[in-house]
Amino acid sequence: MRCCYAVLLWIAAVALSRAASGEPLVYERFEKSAVGTVHGEIHFTTDVVGHGGLAEPNRHAAVFDGKPETCVGYGTATKVTSTDFTVEAFIQPARRPRYDAVAADWSEDGENRSWALVLLSNGALRFDVSPDGRFYAENKLETPPRLIRIGQWYHVAAVSEGDTSRIYVNGREVAAKTRSKPGIFTENSASLKIGNVDRYATDRPRPFRGCLDEVRITEQALGPADFLKTKDEMPEVSGPVPQSYELPFAATAEDDAQAWQERARARLFELVEAQQPRYSTDEVALDFQLGDPEDKGEYTLYKASFQGNTKEGTRHACLFAVPKGDGPFPAVLCIHGHGGSAEAAFDPKGIYHGFADRFARGGYVVLAPSFPHREYCAMMLWDLFRAVDVLGSRPEVDAERIGVGGLSMGGEWTMWIAACDTRLKVAVVSGWMCTTEGVFSVPNCRCWELPGLVELMDVCEVNLLIAPRPVLFESAEFDGCFPIRYTREGYSRIRAGYKVFGAEDAAGQDVWPSGHEWHGVMAYPMVDKTLGGRAAESE
Ligand SMILES: [Zn+2]
């Protein structure tokens, strides 16, 4: 027992003297070798940042291949023993991260958490500290999203000072909080690792994929003046909203505005095509099939399906409503949102308030598809074209009078298809239209972030591709997904854009005191006016 105390005292004495001297606990320079034990394989590259200003020139960085075992390990004896400590590194992620660990002494196998610095899939950094090996959500610190981009070098630093956590990127503080559970666990049985973590966010190791360089762990709370130096100052990082856009709407004359629409539409097609190749209806037939008719009073409802935009023969179920009487009728494509379905769009009791049923009872042909959730919502664009193809091909439909409306992700799909398919004469974008800043201001599903879209233009401007066709935005005052001040700002920008198209009054916004739901009060009259139908009253 006495022996154990002696060892502990010795460890404490070593830690204290190291802390006092400022000597790092771990310092990997990755100049073609590692101080710690290499597990799996790392190799070295000359793609480096930070050369010149360091005590010794930096010529190499380490490449981590992302295999589950790959890391530089220090075993279970090397521990941060102070709540004042700093983990810093130069990082260059090669792939979209999945909790990729920069460095950690953490395992969720048992209660063996101490600290971890990881990169999240949304480009945020996360820094965890545990006082006793257990997980405390209130102890984790996360930066805003999209700070860290693939393929770029950054200096990142996680600093613990007493019970305060801070994260710095390129020397600027980007997140800070006081941890409600102070202290740091020093008796865990996890191994301190660079480029990996024993078990993090489920039961898997989380290897880093990309380059790491100059990884330094110091048992002091360092500030930017003490961080690893670079020859040139690292650029200031921006938050999730780009500082400039590839194709912002800047036209002041109608000709320029139309030219912008052409270019922007072509670019949107490219971005979607990069994720999801498009097949023509010659390659993959529409093959619209109707099931048995169901009498709904004013209309006949069919369970139906059509072939989606895949070579594998994926079919999309949908509901197809045909009014009684002599057509052809105007038509509306009615689209559900996250977790919704064609049936939900007809249901008067849910957040859709049966909008599909109201159009159908009022004399519109309605097509309501049930679409799956994809990684990116925009990957359904080609299937949305197919839904319009279905309506355009039906003898019951007047192809010159087709509109579209949807709520939530259905509002987003509405924006996409109305922006891209000029066969649609009117659109109701409910519970989606917002500025990019506004969409990022609350934790929305990331499926809207089609690669390249955020950089292309403020997302509210995509709606300007609908101009000069009539569009209505439903923006509920208490919609938790899209804060009202951003939807108001988005609308004023869209209206200003519509004015350039000579159609200012074709864009409307319905603001009412409610949450995330369909409203219809301005939407039905506008669709009726444009398509010459008459949506029914609620039952
Ligand atoms: Zn989503």
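**Gly 410 and the nine-stranded sheet**

Setting aside residues up to four places away in sequence, Gly 410 makes contact with Ile 335, His 336, Gly 337 and Gly 340. This comes from a predicted model, as does everything that follows. Gly 410 sits in helix H6, and it counts as buried because it has 32 C-beta neighbours inside 10 Å, where 20 are enough. Trp 153 is another story: 257 residues separate it from Gly 410 in sequence, and the two C-alpha atoms are 37 Å apart in space.

Helix H6 brings us to the sheet. Nine strands form an open sheet with mixed pairing, in the order S16-S17-S18-S20-S19-S21-S22-S23-S24. The edges belong to S16 (289–295) and S24 (507–512); each has a single partner strand, so one side of each goes without a neighbour in the sheet. On average, and ignoring direction, neighbouring strands are turned by 20° against each other.

Two helices that pack on this sheet can be taken in turn. Helix H6, residues 409–420, touches strands S19 (329–335), S21 (397–407), S22 (424–430) and S23 (471–476). The direction of H6 makes about 140° with that of S21. Helix H10, covering residues 523–531, also packs on the sheet, and its contacts are with S19, S21, S22, S23 and S24. For H10, the angle is given against S22, and it comes to about 175°.

Within the sheet, the pairing of S17 with S18 can be followed in some detail. Strand S17 (residues 299–307) and strand S18 (residues 315–323) run antiparallel and are joined by nine bridges. Here Leu 301 stands opposite Ala 321 of S18.

Stepping back to the whole protein chain, there are ten helices and 24 strands. The domain assignment splits out domain 1, at 19–226, and domain 2, which is put together from 254–282, 320–365 and 372–531. Between the C-alpha centres of these two domains lie 43 Å. The C-alpha trace of the chain spans about 95 × 50 × 45 Å along its principal axes.

As for packing across the chain, 47% of the 539 residues are buried. Among contacts with a separation of 6 or more, 70% are between residues 24 or more positions apart.

How values were computed
Residues are numbered from 1 along each chain as its sequence is written. This is a predicted model: local features need pLDDT of at least 70, side-chain atom pairs count only at pLDDT 80 or more; totals for chains, interfaces and linings use all residues. Two strands pair if DSSP finds at least two bridges between them. Helices (H or I, at least four residues) and strands (E, at least two) are DSSP runs, numbered from the N terminus. Axes are lines fitted to C-alpha atoms, for helices over the stretch in contact, and angles run from 0 to 180 degrees between N-to-C directions. Two residues are in contact if their C-beta atoms, placed from the backbone, lie within 7 Å. A residue is buried if 20 or more other C-beta atoms lie within 10 Å of its own, exposed if 12 or fewer, and partly exposed in between; C-beta atoms are placed from the backbone. Domain bounds come from an automatic or database domain assignment.
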